[in-house]
Amino acid sequence: MKEALERGATATVGGLDAVGDRYVAPTILVGVAPDALAATEETFGPTLAVIKVADIEEAVAHINAGRYGLGSAVFSRDRGEAVARRLRVGMTSITMPWCSP
């Protein structure tokens, strides 16, 4: 987390003080560089690293380039299953709203 913050990411929830003696509070990092440790290494604790990509192709390439690939989630109104099938991960959840608000 520290390295991502030093490279320009922002903690919108949590941050460096989220790591306690017996727990880690939830942390959301935005603006994480694609090659930052928070994006490329397995994080321990409730940490979400948000990485901006140009399109689905770049997102799939980034996910498939990772060496862990334990799990992923796809949020889509119409292409969720097609995108999920392209991911080389152990488990993918697909969230597809059935009704528009």
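1. Start with S72: its bridge partner in β5 is T92. Keep in mind as you look at this pair that the model is predicted. The two strands involved, β4 (71–75) and β5 (residues 91–95), run parallel and are joined by 5 bridges.

2. Now follow the chain between those strands. Helix α4 (residues 80–86) goes with β4 and β5 to make a β-α-β unit, and that unit is right-handed.

3. There's also an open sheet to find. It has 3 strands, in the order β1-β2-β3, and its pairing is mixed. β1 (10–13) and β3 are the edge strands, each pairing on one side only. On average, neighbouring strands here are turned by 25° against each other, direction ignored.

4. Zoom in on one part of that sheet. Strand β2 (residues 27–30) pairs with β3 in the parallel sense, over 4 bridges. If you want a residue pair to click on, try T27, whose bridge partner in β3 is T47.

5. Next, the largest pocket. It holds about 1,300 Å³ of space and has 34 lining residues. Which of them lie nearest its centre? They are A49, H62, I63, G71 and S72, so you meet S72 from point 1 again.6. Several elements build that lining. α2 (37–40), β3 (47–50), α3 (56–65) and β4 each supply at least two residues. α3 gives the most, with 6 residues.

7. Finally, look at what kinds of residue line the largest pocket: 20 are nonpolar, 9 polar and 5 charged.

Technical notes:
Residues numbered from 1 in each chain as written. Predicted model: local features only at pLDDT ≥ 70, side-chain atom pairs only at ≥ 80, totals over all residues. Heavy atoms only, no water. 1 Å grid on protein atoms, 1.4 Å probe; cavity = no way out; pocket = protein on both sides within 12 Å on 5 of 7 lines; lining within 4 Å. Points joined across faces, edges and corners; volume = space filled by probe spheres on them. Nonpolar A, V, L, I, M, F, W, Y, C, P; charged D, E, K, R; others polar. Pairing = 2+ DSSP bridges. Right-handed = clockwise from strand over helix to strand, strands pointing away. Axes fitted to C-alpha atoms, helices over the stretch in contact; angles between N-to-C directions.
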